[in-house]
Amino acid sequence: MIILDGKKVSNDIKNEIAAEVQKMKAKGEKVPHLAAIIVGNDGASLTYVGSKVKACERVGFKSTLVKMSNTTSDVELLDKIQELNENPEIDGFIVQLPLPPQINEQKVLLAVDPNKDVDGFHPTNFGKMALDMSTFIPATPFGILELLDRYGVETKGKHTVVIGRSHIVGRPMSILMGRKGFPGNSTVTLTHSHTKNITQITSQADIIISALGVPDFLKAEMVKDDAVIIDVGITRVPDETKPRGYKIVGDVDFANVCKKASYITPVPGGVGPMTIAMLLKNTLLARERHML
């Protein structure tokens, strides 16, 4: 069994990006600039955005954090997005989800300039991805592809089962694993809350990508020997023995599933660090496109 070490691979990617930034600086070129908008004070979101800012510092990017209050209206947020769209200094930006209930998430998604949409959520970018065109791939699926690539995990002709159909992970992952090329060329089954006999389906899978958000959902009896397991789930579970009062748990019953898997991602330290690394990679791509 081989651990797909997202922490190590993400560090490798950050080092590669930092080297690219050094070359830009040596040529006197503008370094990539990533901005993030956060609305409200959701604890997990603040932590996540903070780690993005630190990652920018590490690779030599400029970063801008735009904090807006919990009572921000649709109009105020859309005005701020337009401001970033029009700012030539900003190469890419993200709007941190979730947003407060008074804000229409779909309107926000559509307002972001597709050329600066380094999250890869805009319908233009999603459509290009589905058509195998050059675009920004959503950071988490992009990170999973990179892990499979760097560890040389065979995907061609394999049966991939994706658990969860979110627009951010499950649905794009199902498209990407079925595309031509590597990683890809697998036969994909997309499962969700209405799927019947899910154990029957997962136990036939060569590769399982679980993005459900249900702690320890995938049990050992649902997995065949030598399956490749990608755990995207990140859930905070109360645990008084931990300094913070909680522990981070994935979708996979790791202790038991790892005994059967050929490759498996840990939680934490698997897919999570890859997401931030690929967001940086998308920002670097955005900068390169703006230079053309």
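Which residues does UniProt give to the feature "domain: Tetrahydrofolate dehydrogenase/cyclohydrolase catalytic"? According to that record, an unreviewed entry, the feature sits at residues 4-119. Hello everyone, and thanks for coming. Before we go on, please keep in mind that this is a predicted model.

Let's stay with that stretch for a moment. Between residues 4 and 119, the chain is 50% helix and 16% strand. The C-alpha atoms at the two ends of the stretch lie 23 Å apart.

One residue to find there is V49, in helix α2, which covers residues 43-59. Is V49 buried or exposed? V49 counts as buried, because its relative accessibility is 1%, and the cut-off for buried is under 20%. Setting aside residues up to four places away in sequence, V49 touches A36, I38, L65 and Q96. For a sense of scale, take V49 and T202, which are 153 residues apart along the chain: their C-alpha atoms are separated by 34 Å.

Now please turn to a pair of helices, α6 at residues 139-150 and α7 at residues 170-178. Their axes come within 9 Å and cross at roughly 35 degrees, and the crossing is right-handed. Which residues make the contact? From α6 we have P141, I144, L145 and L148, and from α7 we have P172, M173, L176 and M177. Sorted by class, that makes eight nonpolar residues, with no polar and no charged ones. In soluble globular proteins, nonpolar side chains tend to be buried together.

Staying with α7, its buried residues are G170, P172, M173, S174, L176 and M177. What do the buried residues of α7 pack against? Their partners are helices α5 (123-130) and α6, plus strands β5 (159-163), β6 (187-191) and β7 (207-210).

That brings us to the largest nonpolar core, which has 50 residues. The members that touch the most others are I17, F61, I144, I209, I230 and V232. You have met I144 already, in the contact between α6 and α7. Which helix gives the most to this core? Helix α10, at residues 271-291, does, with nine residues. If you click on I209 and leave aside its neighbours within four places in sequence, you will find contacts with I144, T160, V161, V162, I163, M173, M177, I230 and V232.

Finally, some backbone details. Most residues other than glycine have a negative phi, and most peptide bonds are trans. Where are the exceptions in this model?

Let's take the peptide bonds to begin with. L97 and P98 are joined by a cis peptide bond, with omega about 0 degrees. P98 belongs to the loop between β4 (92-95) and α4 (105-111). From V267 to P268 the peptide bond is also cis, and its omega is near -5 degrees. You can find P268 in the loop between β11 (263-264) and α10.

Then there is phi. D132, in the loop between α5 and α6, has a positive phi near 65 degrees without being a glycine. D132 is partly exposed, because its relative accessible area is 45%. N185 has a positive phi too, about 55 degrees, and is not a glycine either. Look for N185 in the loop between α7 and β6. With a relative accessibility of 32%, N185 counts as partly exposed.

That's the tour, and I'm happy to go back to any part of it.

Notes:
Residues are numbered from 1 along each chain as its sequence is written. This is a predicted model: local features need pLDDT of at least 70, side-chain atom pairs count only at pLDDT 80 or more; totals for chains, interfaces and linings use all residues. Side-chain values use heavy atoms; hydrogens and water are left out. UniProt positions are given in the numbering used here, feature names are shortened, and annotations may be inferred rather than shown by experiment. Helices (H or I, at least four residues) and strands (E, at least two) are DSSP runs, numbered from the N terminus. Axes are lines fitted to C-alpha atoms, for helices over the stretch in contact, and angles run from 0 to 180 degrees between N-to-C directions. A crossing is left-handed if the near helix is turned anticlockwise from the far one by less than a right angle, and right-handed if clockwise. Contact means heavy atoms within 4.5 Å. Ala, Val, Leu, Ile, Met, Phe, Trp, Tyr, Cys and Pro count as nonpolar, Asp, Glu, Lys and Arg as charged, and the others, Gly among them, as polar. A nonpolar core is a set of buried Ala, Val, Leu, Ile, Met, Phe, Trp, Tyr and Cys residues joined through side-chain atoms within 4.5 Å. Buried means under 20% relative accessible area, exposed over 50%, partly exposed in between (1.4 Å probe, protein chains only).
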